[in-house]
Amino acid sequence: MTLDPRVRTHQEWLGMVQPTGLFLAPSVLAEAGAAPTEPVVEVQAALAEHVADGALRDPVGALREVFGWPDAALLHGDALPPDLALSLDGGVRVEADFALRDLDEPGNVLLGMVVAPDVSLDAASEDPAWTASAHQRFERLLRARECPVGVLTNHRAVRILYAPKGEATAHATWKVSDLLAVAGRPMLAALHMCLNARRLLTLADDQRLPKLLAKSREFQNSVSNRLQGQVLDALQELLDGLQRADRVTDGRLLAPWRGGDDDRQVIYRGLVTALMRMVFVLFAEERRLLPLDARRYRESYALTDLHARLQADYDRLGDRLDARYGAWAQVVALFRLLHDGLDAKALPEGFVIPPRRGEFFDPDRFPFLEGRAPGPRAPGPLELPKISDGSVRRVLDKLLVLKGERLKYSDLAVEQIGSVYEGIMGYTLELAEGRALRVRVARADRSGILDLVVDLQRFADLARKDFLKHLTDDLGLKLSDGTAKAITKATTEAEVAAALTQQRSFERTTAIERGWMFLQPGEERRRSGSHYTPRSLTQPIVERTLAPVLAALGEHPTPEAILALRVCDPAMGSGAFLVEACRQLASRLEAAWQHHDAMPAIPPDEDPHLHARRRVAQRCLYGVDRNPLAVELARLSLWLETFARDHAFTFVDHCLRHGDSLVGLSLEQIASVSLATGKGAQLDLVRKVVNDTLVRVRGLRREIHAAGDGDPPDNDGQRSLWREAQEALVEARTVGDLVVAGFFSQKSDKDRAKWIAGQHVAIGRWLAKTDDGAGLRSEVRRVLGARGVVPFHWELEFPEVFEGERRGFDAFVGNPPFLGGTMISTHNGASYLQWLTTTFDETGKPPTSSRLTSSAAPSTCCDAAGPSVSSPPTPSPRETPDMLAPLDLHARRHDLRGAPALRLAGPRGGRGERRPHHPRRGKGSGI
């Protein structure tokens, strides 16, 4: 922990109060010179005069007297202006009970609301017109009146709310009875520090409470960039710990995965997944979504308690902790517990955790984490990897302590967690053939850090000039003149390493021995960083995008109409925009339930808004990304946003998919086995397979949605249906992939047609069931894998979106990455650029009519084929008018994955405009 006594003081009272969300940061308070009020005995005596039976007799009078609010600033009763009330649908009226106006500038410093002593601040209201809690009602008023600071009290507790526009709300609550106890004096001193007249009205602007709250939010928002480096360290530590465990087994542990590049990537994905699992647990434990209050869970499984025990042991034993094992067994047991579930409520201080299932915690997905070889589990006990307790402590320390301060995951927004983990994606796992040196550099655009590995063996293989070019051009290192000269004069690898180590701009250098696996950023990770996309950015963009879509549904849309909406992010990254869309659509769904008196039964571990988020996440949201780990991360983001204590994860596997948004075929192109639908082979068997596949998969996906509406949702049933749908897609998807493979493997249209025609016999045999198709599928995978292309055939993958009269997406949201000019072919290859110029016209629209947006929408991106494919569709004559997408500003020179941007569509049947997104790389960094 930090040694700064001022920071420690604030950490102590914040630990007692336990704020929720991004509240006041200890470092910001210390820097501003804010300190809890001393002496506080007189303040406590003054407060006691206004309290009877643990409740404030007159809350407004008590606040005025205890905190010294002047009459000139305090507005209450008849003095309150009428605009401090809010009228809502159904006759609901929300009013402020007092306000503290700014004595220097127009406007209010804070608003206040008083509710009856028997009213809980957080329990749902019994008002049938609006069941929102007192907290939710007051928060709505603060946002509507654009006054972010509020004081809410029910006589027995005083709560400070901070609700900045477009960002998540934070709050801290003080119980009146605690404030009168001797042990509660630090809390009372802190409350007085926050609400006294000087802090609110007369101190310098940057020392007043609203500014301290805003600065704390800015400080905590910057955590993501600073935490990126530590998470990368945690990943490296876990990799090194696993390799040390591998050496104990003489290389048997990782032997199945060490050989080829693809095999090593499995290790990389497994380690990233393990870290993401840990972060999920830390987030859930701090928000009490896991049973941290149960002693058996806390002592046997909880990561927060494991870290505390390991830290205490390290203080006592030091580096001897690296010779002790056992902590990794607890981590593995926790992962198994969350996958399989456990009902231990019959035991004293027992607990219940429902099975989460799914791939995320699946122990068979990365068996080396449990010390197992690939294949079925063998009976008997596991021989776990000997990852030392020291390694586990260092991993958890990197995740939980930031610059000496304990990081609170409950204070982090879901988008922040996603941004941090975007920063460790886009790496490859390579094997050191000789000596190497890891160099840590900070990005010039402050979007995080990079660990670059210099292969020192190249020094002996290349001329000095070529070696320097490799360092600067290939790796992107910025060398000082002195370092460059020293390398030019060097005669040994050790002298090169010494020269690089002495460059001041490098944050750290670490030697890597021969035979050791190391992380190396890929080309895209080297050239682009990962920016945290805050809610202050996603909220207005999503709000403006959805406004015309929702307006087209009428003033009071039905719940069914809202759940029928389809919103897509075609380059979703960590899912920041989908998370925000989930929040906003859930708010409208909850309002629709209330207005139409259609509130469903709400499970005990949920509230109406959480239940609405779970429904929206499964029904309304779609996303694609060509990085498989980004898909995992987007799923994690939505799981965190929709996590209920006693339910399995919201099933979103069918809607968040891996693939390249810009590389894929329409149904007609697949059925024709050709990009040019009029010139294809028109194989009747292929066309029948495509049509049969659509019927089958649409039915399965309808069943998936229906299975998710129950309480509890049938997640096992959903997963089984999803596996069945994936199997049903194999044939049609492979034919589409084959056409794409033909394009990327050949250089001319003639050669492409010839290559594809050469596969017709194999296709026919496979589809006629006279051949298993293994050779055909293997060839397609080989061709596409060699070029790093993962096709995504929209109408096959999301068939329910493209059926019926209102086929297509209602809206696209997001911040796709982009490249311009020759950079497309530089980073993706000449064949990728040729694909784009062949498949898309100069407006960014496909020349073939493969619509991604609704047929009723005024702006289109692709034409959806009909419910089945019987003949080539007629291209729509409709031109894209002035309604442009958030990124349409860059349509002719930027891309989702290095290509001209798709035009993003408007609402079904309605017109509206979009605000262009800032053209920098954000959450959708693509990685």
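Of the 927 residues of the chain, 58% count as buried, where buried means under 20% relative accessible area with a 1.4 Å probe and protein chains only. The model is a predicted one, in which local features need pLDDT of at least 70, side-chain atom pairs count only at pLDDT 80 or more, and totals for chains, interfaces and linings use all residues. Residues are numbered from 1 along each chain as its sequence is written, and side-chain values use heavy atoms, with hydrogens and water left out.

The chain holds 36 helices and 23 strands, taken as DSSP runs (H or I, at least four residues, for helices; E, at least two, for strands) and numbered from the N terminus. Among contacts with a separation of 6 or more, 71% join residues 24 or more positions apart; a contact here means heavy atoms within 4.5 Å.

One open sheet has 6 strands in the order 3-6-7-8-9-10, with mixed pairing. Its edges are strand 3 (74-76) and strand 10 (170-175), each of which pairs on one side only; pairing requires at least two DSSP bridges between two strands. On average, neighbouring strands of this sheet are turned by 20 degrees against each other, direction ignored. Strand 3 pairs with strand 6 (residues 98-101) in the antiparallel sense over 3 bridges, and L74 stands opposite L100 in strand 6. Helix 7 (residues 185-195) lies across strands 7, 8, 9 and 10, at about 45 degrees to strand 9. Such angles run from 0 to 180 degrees between N-to-C directions, with axes fitted to C-alpha atoms, for helices over the stretch in contact.

Further along comes helix 23 (residues 535-551), whose 17 residues should span 24 Å at 1.5 Å a residue, in agreement with the 23 Å between its end C-alpha atoms; the expected span is 1.5 Å times one less than the number of residues. Helix 23 bends by about 25 degrees at T545, with the proline P548 following within four residues. The bend is the angle between axes fitted to the seven residues ending at a residue and the seven starting there. Both T545 and P548 are among the buried residues of helix 23, which pack against helix 17 (414-422), strand 20 (567-569), helix 25 (576-595) and strand 23 (811-812).

Some backbone details also deserve a look. Most residues other than glycine have a negative phi, and most peptide bonds are trans. The peptide bond from E38 to P39 is cis, with omega near -5 degrees. D53, not a glycine, has a positive phi of about 55 degrees and lies in the loop between strand 1 (51-52) and strand 2 (55-56).

Key: Buried < 20%, exposed > 50% of the residue type's maximum accessible area, 1.4 Å probe, protein only.
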